[in-house]
Amino acid sequence: MSLADRWRAARPAVAGVHLDSGACSRQSVAAIDAAGQHARHEAEVGGYVAAEAAAPVLDAGRAALAALTGLASTDFVFTTGANNALDLLLGAWPGDRTAACLPGEYGPNLAIMAANGFAVRALPADGHGRLDVAAAARQLAADPPALVHLTALASHRGLAQPLSALAATCAELGVPLVVDAAQALGHLDCAVTPAAIYGSSRKWIAGPRGVGFLGIHRELARRLQPRLPPPEWNLPSSVLQRLEHGEANVAARVGFSVALGEHLADGPAAVRTRLAEVGRMTRDAVAGLDRWRVVEPHDEPTAITTLAPTDGADPQMIRNWLIAEHRIVTTFADVQRAPFEMTAPVLRASPHVDVTDEELARFAEALAAAG
């Protein structure tokens with residue numbers, strides 16, 4: 001059985017066509033059952049007793065995150081999502097608060113940086129919005145910021161950033177690299193051992209909503225200064241223990257850990273290869289549409305395809321119409337996703353490994369018929 005067939009068979013039947021994994025993938029039956037069984041166990045023995053019993057599953061989830069990022073399993077805490085993870089990290093940042101990031105940085109990330117007092121500098125990029133690594137290296141060497149922040153795969157455009165090359169540059173210059181892997185984990189190779197990496201469960205890993213992760217290299221962790229509890233209390237807890245909230249939806253963390261295990265079992269390299277194929281399939285399916293322009297290069301190794309309207313069509317209305325009339329789920333992306341780069345809203349298709357040519361043909365036909 002192919003990877004696509006196995007992935008689809010492991011999940012409840014889809015009610016229509018799901019082209020929205022960049023927002024929220026479809027969970028497997030195993031991940032759903034694991035979260036449900038933990039919730040039932042909480043009712044049977046109590047939430048805190050059940051949480052202790054779930055420790056081996058959560059440890060396995062951290063080990064999977066370590067395998068996918070190059071950090072150690074002990075470097076990870078669970079969060080409520082990517083935004084929460086970045087806020088926890090930046091809120092504990094010591095000393096100078098300057099960050100270098102791409103002009104197309106995710107809007108909510110920029111808001112979190114601003115709320116934590118970070119001044120942002122733009123990294124050099126080419127006409128597609130892809131990082132110019134050589135120019136970035138010269139800029140960072142001449143005036144190093146407190147950290148470099150890279151969203152390895154953006155939500156408004158399926159462009160794979162040169163994560164590995166930037167990680168090597170930052171390591172050589174001694175500048176901490178913080179990676180937003182919300183779209184990249186389970187999609188691109190993220191095993192670059194950054195200073196910190198964070199993301200969510202619900203996208204390409206296909207775990208539950210409301211849970212994410214934050215990984216911090218031990219060298220950076222030693223420098224962080226979490227606000228809570230106040231450091232002057234001198235409590236015997238580590239930085240990571242102070243960052244991770246004890247009152248949590250453990251069932252969601254269990255489901256996430258199971259989903260991570262399934263991803264490793266499928267083979268991350270095989271998944272990446274298939275997702276790159278899915279991206280080409282999607283772009284081929286919509287390439288001939290008169291009213292839409294495909295933003296990504298055809299061979300971009302991602303499964304995100306962004307469609308910009310060429311005749312004034314409203315992507316939000318089209319997205320709602322596709323659901324109501326065709327049961328096709330896509331994403332509407334407004335300019336606030338990348339406020340310093342986007343000039344108009346777009347429609348995004350992000351199918352997972354199980355998509356078929358027939359489903360993509362249905363999508364293209366529906367777009368062609370949209371009024």
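**Exercise 1. Check the length of helix 2, then find its buried face.**

Step 1. Helix 2 covers residues 29-45, which makes 17 residues; at 1.5 Å a residue they should span 24 Å, and the end C-alpha atoms are 24 Å apart, so the two agree. The expected span is 1.5 Å times one less than the number of residues. Helices (H or I, at least four residues) and strands (E, at least two) are DSSP runs, numbered from the N terminus.

Step 2. Note the source. This is a predicted model, in which local features need pLDDT of at least 70 and side-chain atom pairs count only at pLDDT 80 or more, while totals for chains, interfaces and linings use all residues. Residues are numbered from 1 along each chain as its sequence is written, and side-chain values use heavy atoms, with hydrogens and water left out.

Step 3. List the buried residues of helix 2: Ala-31, Ala-34, Ala-35 and His-38. Seen down the axis, these buried residues fall within an arc of 95 degrees, so they line one face of helix 2. The arc is taken from the directions from the helix axis to the C-beta atoms. Buried means under 20% relative accessible area, exposed over 50%, and partly exposed in between (1.4 Å probe, protein chains only).

Step 4. Recall the geometry. An α-helix has 3.6 residues a turn, so residues three or four places apart point the same way.

Step 5. Turn to the face away from the buried side. Gln-37, Arg-40, Ala-43 and Glu-44 are exposed there.

Step 6. Find the cover. Helix 3 (47-53) and helix 11 (250-266) are among the elements over the buried residues of helix 2. Contact here means heavy atoms within 4.5 Å.

Step 7. Look past the end. Gly-46 follows helix 2 and has a positive phi, near 105 degrees.

**Exercise 2. Treat helix 11 likewise, then place His-263.**

Step 1. Helix 11 has 17 residues, which at 1.5 Å a residue should span 24 Å; its end C-alpha atoms are 24 Å apart, so the length agrees.

Step 2. Read off burial. The buried residues of helix 11 include Val-250, Val-254, Phe-256, Leu-260 and His-263.

Step 3. Check the end. Gly-267 comes just after helix 11 and takes a positive phi of about 95 degrees.

Step 4. Place the histidine. His-263 is in helix 11. Its relative accessibility is 6%, so His-263 counts as buried. Not counting residues up to four places away in sequence, His-263 touches Leu-68, Gly-186, Ile-205, Pro-268 and Val-271.

**Exercise 3. Describe the surroundings of the annotated lysine.**

Step 1. Start from the record. An unreviewed UniProt entry annotates Lys-203 as "modified residue: N6-(pyridoxal phosphate)lysine". UniProt positions are given in the numbering used here, feature names are shortened, and annotations may be inferred rather than shown by experiment.

Step 2. Locate the residue. Lys-203 sits in the loop between strand 7 (196-200) and strand 8 (212-216). At 9% relative accessibility, Lys-203 counts as buried.

Step 3. List contacts. Leaving aside neighbours within four places in sequence, Lys-203 is in contact with Ser-21, Gly-22, Ala-23, Ser-25, Ala-182 and Gln-183.

Step 4. Pick out the polar pair. A polar atom of the Lys-203 side chain lies 3.0 Å from the backbone oxygen of Gly-22.

Step 5. Widen the view. The same kind of record, also unreviewed, assigns "domain: Aminotransferase class V" to residues 17-362. That span is 41% helix and 14% strand, and its end C-alpha atoms lie 9 Å apart.

**Exercise 4. Work out how helix 7 packs, and follow it to helix 8.**

Step 1. In helix 7 (residues 133-142), the residues Val-133, Ala-135, Ala-136 and Leu-140 are buried. They fall within an arc of 155 degrees seen down the axis, so they line one face of helix 7.

Step 2. Take the other side. Arg-138 and Ala-142 are exposed there.

Step 3. Name the partners. The buried residues of helix 7 pack against strand 3 (98-101), strand 5 (147-151) and helix 8.

Step 4. Move to helix 8 (residues 163-173), which holds Thr-169. Thr-169 is buried, with a relative accessible area of 12%. Not counting residues up to four places away in sequence, Thr-169 touches Val-133 and Ala-137.

**Exercise 5. Search for disulfides.**

Step 1. Apply the cut-off: a disulfide is a pair of cysteine sulfur atoms within 2.5 Å. The whole structure has zero disulfides.

Step 2. Take one cysteine. Cys-101 is in no disulfide, and the nearest cysteine sulfur, that of Cys-170, is 12 Å away.

Step 3. Check burial. Cys-101 counts as buried at 1% relative accessibility, and Cys-170 counts as buried at 2%.

Definitions and conventions: Polar contact = N/O pair within 3.5 Å; in protein donor to acceptor, adjacent residues only side chain to side chain.
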